[in-house]
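Please walk me through this structure, one feature at a time. I am new to it and would like short steps.

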Amino acid sequence: MAEENKVKLHGMWASPYVKRVEIALKIKGIPYEYVEEDLVNKSQLLLQYNPVHKKVPVLIHNGKPICESLVILEYIDETWKNGPLLLPQDPYKRAKVRFWISFVEKELLENVLLVVRSEGEAQEKAIKVVFEKLKLLEEGLKDLFQGETHHIDGENMGILDIFLCSLFGAHKAQEEVFGVKFIDPEKFPLLSSWVTAFTEVAVVKELRPPHEKLVAVYQFLRQKALQDSAA
């Protein structure tokens, strides 16, 4: 029976998508085995489990693979009912959370990546767009929380918290490498307080890579992105 409920996670230590799944598993109190993947030399198991995208994260439960971080998080929430809920029970609230998750993934993240891949005037334009998206998110959070203080701890951290944490949990390293202060308390006070709150959650602190290693990864990614753009 223990073998039937065995959970494995194939990931890569610096991947924000993998961190989403790790945070969810920890919040739910689900024991799991972590398998570190070399994304330059991908294992046969990873290619077998995710033949379409050949990417991490991949969650293995009862011998069956589940791919894509959002799909995995919803699977975790639907499968393990005994831990804290990652999505609200109320259908309307759940729909609103899903809307903002989509916004973060499709609009905010895409434009943050443009900042990483560009420089000069192109980067300035990308930064302006990111700030516009952050302003929309700030206003959306006011509506979502309905003026209440959004207290975050290991018992009530939901999917939207996890998504924002994976994007901006390492904002200090991002600021150091990219020279852009995305999380600015003067521009976005609610978002800034939210980011500060979830970065202090014990599970998040436990899973956060060292600042120096994150800086090195971001420097590598930026250099590679600029080289690819110039090619």
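The tour below goes from helix packing to aromatic rings, and then to the loops.

Keep in mind that this is a predicted model.

Start with the helices. Two packed helices are described by the angle between their axes and the distance between the axes. Take helix α1, residues 16-28, and its partner α3. Their axes come within 9 Å and cross at roughly 10°. Angles under 35 degrees count as roughly parallel, and α1 and α3 are therefore roughly parallel to each other. Which residues of α1 and α3 make the contact? From α1 come Tyr17, Arg20, Val21, Ala24, Leu25 and Lys28. From α3 come Ser69, Ile72, Leu73, Ile76 and Asp77. By type, the residues of this contact of α1 with α3 are seven nonpolar, one polar and three charged. An α-helix has 3.6 residues a turn, so residues three or four places apart point the same way. Keep that in mind when reading the contact residues along a helix.

Now move to α6, which spans residues 159-168. Is α6 enclosed or open? Ten of its ten residues are buried, so α6 is largely enclosed by the rest of the structure. The buried residues are Ile159, Leu160, Asp161, Ile162, Phe163, Leu164, Cys165, Ser166, Leu167 and Phe168.

One neighbour of α6 is α8. The two helices pack at an angle of about 90°, with their axes 10 Å apart. Angles of 65 to 115 degrees count as roughly perpendicular, and α6 and α8 are therefore roughly perpendicular to each other. On the α6 side, Leu160, Asp161, Leu164, Cys165 and Phe168 make the contact. On the α8 side, Leu191, Trp194, Val195 and Phe198 do so. The residues of the contact of α6 with α8 divide into eight nonpolar, no polar and one charged.

Another helix to look at is α4, residues 91-117, where Lys96 lies. Is Lys96 buried or exposed? Its relative accessibility is 14%, so Lys96 counts as buried. Leaving aside residues up to four places away in sequence, Lys96 touches Asp143 and Leu144.

Next come the aromatic rings. How many aromatic pairs does a search of the whole structure find? The search finds seven. One of them joins Tyr75 and Trp80. Their ring centres are 6.3 Å apart, with 80° between the planes, and the pair is edge-to-face. Tyr75 is partly exposed, with a relative accessible area of 25%. Trp80 has a relative accessibility of 16% and counts as buried.

A further pair is formed by Phe131 and Phe188. The ring centres lie 6.1 Å apart and the planes are at 50°, so this pair is tilted. What does the pair tie together? Phe131 lies in helix α5, residues 120-145. Phe188 lies in the loop between α7 (171-178) and α8 (189-199). The pair therefore ties together parts that are 57 residues apart in sequence. Phe188 has a relative accessibility of 4% and counts as buried.

Phe99, Trp100 and Phe103 form one aromatic cluster. Charged side chains also sit over rings. Arg20, one of the α1 residues in the contact with α3, lies over the face of Phe163, at 3.8 Å from the ring centre. Phe163 is itself among the buried residues of α6. Lys213 lies over the face of Trp13, at 4.3 Å from the ring centre.

Finish with the loops. Pro57 is found in the loop between α2 (44-49) and β3 (58-61). A cis peptide bond joins Val56 and Pro57, with omega about 5°.

Asn62 follows in the loop between β3 and β4 (64-67). Its phi is near 55°, a positive value in a residue other than glycine. At 39% relative accessibility, Asn62 counts as partly exposed. Glu68 sits in the loop between β4 and α3 (69-79). Phi of Glu68 is also positive, near 75°. Glu68 is partly exposed, with a relative accessible area of 39%.

The last stop is Asn156, in the loop between α5 and α6. Asn156 is partly exposed, at 32% relative accessibility. From Asn156 to Leu87 is 69 residues in sequence and 9.8 Å in space, C-alpha to C-alpha.

Methods: Residues numbered from 1 in each chain as written. Predicted model: local features only at pLDDT ≥ 70, side-chain atom pairs only at ≥ 80, totals over all residues. Heavy atoms only, no water. Phe/Tyr/Trp six-rings, centres within 6.5 Å; stacked < 30°, edge-to-face > 60°. Buried < 20%, exposed > 50% of the residue type's maximum accessible area, 1.4 Å probe, protein only. Helix = DSSP H or I, 4+ residues; strand = E, 2+ residues; numbered from the N terminus. Lys NZ or Arg CZ within 6 Å of the ring centre and 35° of its normal. Axes fitted to C-alpha atoms, helices over the stretch in contact; angles between N-to-C directions. Parallel < 35°, antiparallel > 145°, perpendicular 65-115°, else oblique. Contact = heavy atoms within 4.5 Å. Nonpolar A, V, L, I, M, F, W, Y, C, P; charged D, E, K, R; others polar.
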